[in-house]
Amino acid sequence: MAGKEFGVLADSPERIKGRRDGEDEHQWVRDLKKNMAASGELRIFESLEDLAIDLAEYVAQLSEVFVKERGFFSIALTGGSLISLMRKLCEAPYNKTVDWTKWYVFWTDERAVGKTHVDSNYKLAKDGFLSKVSVLSSHIHSINDNLTVEEAAASYEFLIRQLVKVRIIDVSESTDCPKFDLILLEMGSDGHIASLFPHHQALKQSEEWVTFITDSPEPPPERITFSIPVINSASNIAVVAMGDDRAAAMQLVVCRNAVAPDAPLPASLISPTEGNLVWFVEREAATFLGTIAGDDQSLIEM
Ligand SMILES: O=C(O)[C@H](O)[C@@H](O)[C@H](O)[C@H](O)COP(=O)(O)O
């Protein structure tokens, strides 16, 4: 595996400290270590191919664990390029070994367009992934595209509440939010996740599980999105960052308290209440992580 953990880095203070001979530990080093320790596991990959292979294995393993434990696997997908990475799951051995009939599929965010519209996240996932595996169509829960965006958000939350009642989706004891077995996210170049954009009011939504926006900075403007508490209540959160246009945001996420205490990026707000977080980062998107640790590239050795 080409990954490396934040935790491992945090356990190597002398390596970071060693860069500054004779100096006391700086605040920035303490912040970096604190954030790394709090931010879960970081896996960095040489290529998108390597990332896709590891992501497929990660998803397949979680599916196996939850199907064994709960009899179901509840997974929330997102839009963007992440869906093209799911292609590995459509191939051997996973097309045969994954128990697709136990999957229940949701979306962390969706654009308020028809299901056949080119902007639809449902269409993207259906065409690129779901139509190639044996997930039951009755287990694929997309938003109702006949409603206004506000109604669609409320109706999606209602649906999730029904499935929480029968525990097809688990519930978090500590937050009372749905506890998806896996939430898959991709970070945009501005640090957004799902349809939660920087400085947007929706980032502060703490009552509703599913909220809506009508002014997305990226088209189309109307979208529904899980709120931060729902994302953080998941058993597992995986965030993908790929491409050099994500490198600056990735750097900010890793040192969020050190660099941007008052304006955290949406991706910086990912902090599982009980679950696990794994970052799948393509090397290009990790370009600046070494500079956080004092230009010492060995700190993010592959
Ligand atoms: O519907 C959306 O816009 C997404 O859910 C969004 O969060 C996406 O995953 C990122 O913006 C990355 O998208 P790209 O890979 O297209 O940049």
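Trainee: Which residue in β7 stands opposite Ala76?
Mentor: Good place to start, but note that this is a predicted model: local features need pLDDT of at least 70, side-chain atom pairs count only at pLDDT 80 or more, and totals for chains, interfaces and linings use all residues. Residues are numbered from 1 along each chain as its sequence is written. Strand β2 (residues 73-77) runs parallel to strand β7 (residues 182-186), and two bridges join them. Opposite Ala76 in β7 you will find Ile183.

Trainee: What is the order of the six strands in the open sheet?
Mentor: Strands (E, at least two residues) and helices (H or I, at least four residues) are DSSP runs, numbered from the N terminus. Two strands pair if DSSP finds at least two bridges between them. In this open sheet the pairing is parallel, and the order of the six strands is β1-β11-β10-β7-β2-β3.

Trainee: Which strands are at the edges of that sheet?
Mentor: Look for strands that pair on one side only. Those edge strands are β1 (41-45) and β3 (103-107).

Trainee: What angle does the direction of helix α4 make with that of β11?
Mentor: Here axes are lines fitted to C-alpha atoms, for helices over the stretch in contact, and angles run from 0 to 180 degrees between N-to-C directions. From one strand of the six-stranded sheet to the next, the twist averages 20°. Helix α4 (residues 48-70) packs on this sheet and touches β1, β2, β7, β10 (236-241) and β11 (276-282), where contact between two residues is set by C-beta atoms, placed from the backbone, within 7 Å. With the direction of β11, that of α4 makes about 160°.

Trainee: How many residues of β11 are buried?
Mentor: A residue is buried if 20 or more other C-beta atoms lie within 10 Å of its own, exposed if 12 or fewer, and partly exposed in between, with C-beta atoms placed from the backbone. β11 pairs in the parallel sense with β1 over five bridges and with β10 over six bridges. The strand is mostly covered, and of its seven residues the number buried is six.

Trainee: What is the bridge partner of Phe45 in β11?
Mentor: Two bridge partners are worth finding in β11. Ile237 has Leu277 as its partner there. For Phe45, the partner in β11 is Glu282.

Trainee: How far does α4 reach from its first C-alpha to its last?
Mentor: The expected span of a helix is 1.5 Å times one less than its number of residues. α4 has 23 residues, and 33 Å is expected. Its reach is close to that, at 32 Å.

Trainee: Which residues of α4 are buried?
Mentor: An α-helix has 3.6 residues a turn, so residues three or four places apart point the same way. Cover for the buried residues of α4 comes from elements including β1, β2, α5, α6 (94-97), β7 and β11. The buried residues themselves are Leu51, Ala52, Leu55, Ala56, Val59, Ser63 and Phe66.

Trainee: Why do β4 and β8 each have one side without a neighbour in the sheet?
Mentor: These strands belong to an open sheet of three, ordered β4-β9-β8 with antiparallel pairing. β4 and β8 (210-213) stand at the edges, so one side of each lacks a neighbour in the sheet: each has a single partner strand.

Trainee: Which residue of β9 stands opposite Asp109?
Mentor: β4 and strand β9 (residues 223-226) run antiparallel, joined by three bridges. In β9, the residue opposite Asp109 is Thr225.

Trainee: Is Asp215 buried or exposed?
Mentor: Asp215 lies in the loop between β8 and β9. It has 11 other C-beta atoms within 10 Å, so Asp215 counts as exposed.

Trainee: And Val253, buried or exposed?
Mentor: Val253 lies in helix α10 (residues 247-254). Leaving aside neighbours within four places in sequence, Val253 is in contact with Gly191, Leu265, Ala267 and Ser268. There are 28 C-beta neighbours inside 10 Å, so Val253 counts as buried.

Trainee: Which residues come nearest to the ligand?
Mentor: A residue is near a molecule or strand if its C-beta atom, placed from the backbone, lies within 6 Å of it. There are 14 residues around the ligand. Those that come nearest are Gly79, Gly80, Ser81, Glu186 and Gly188.
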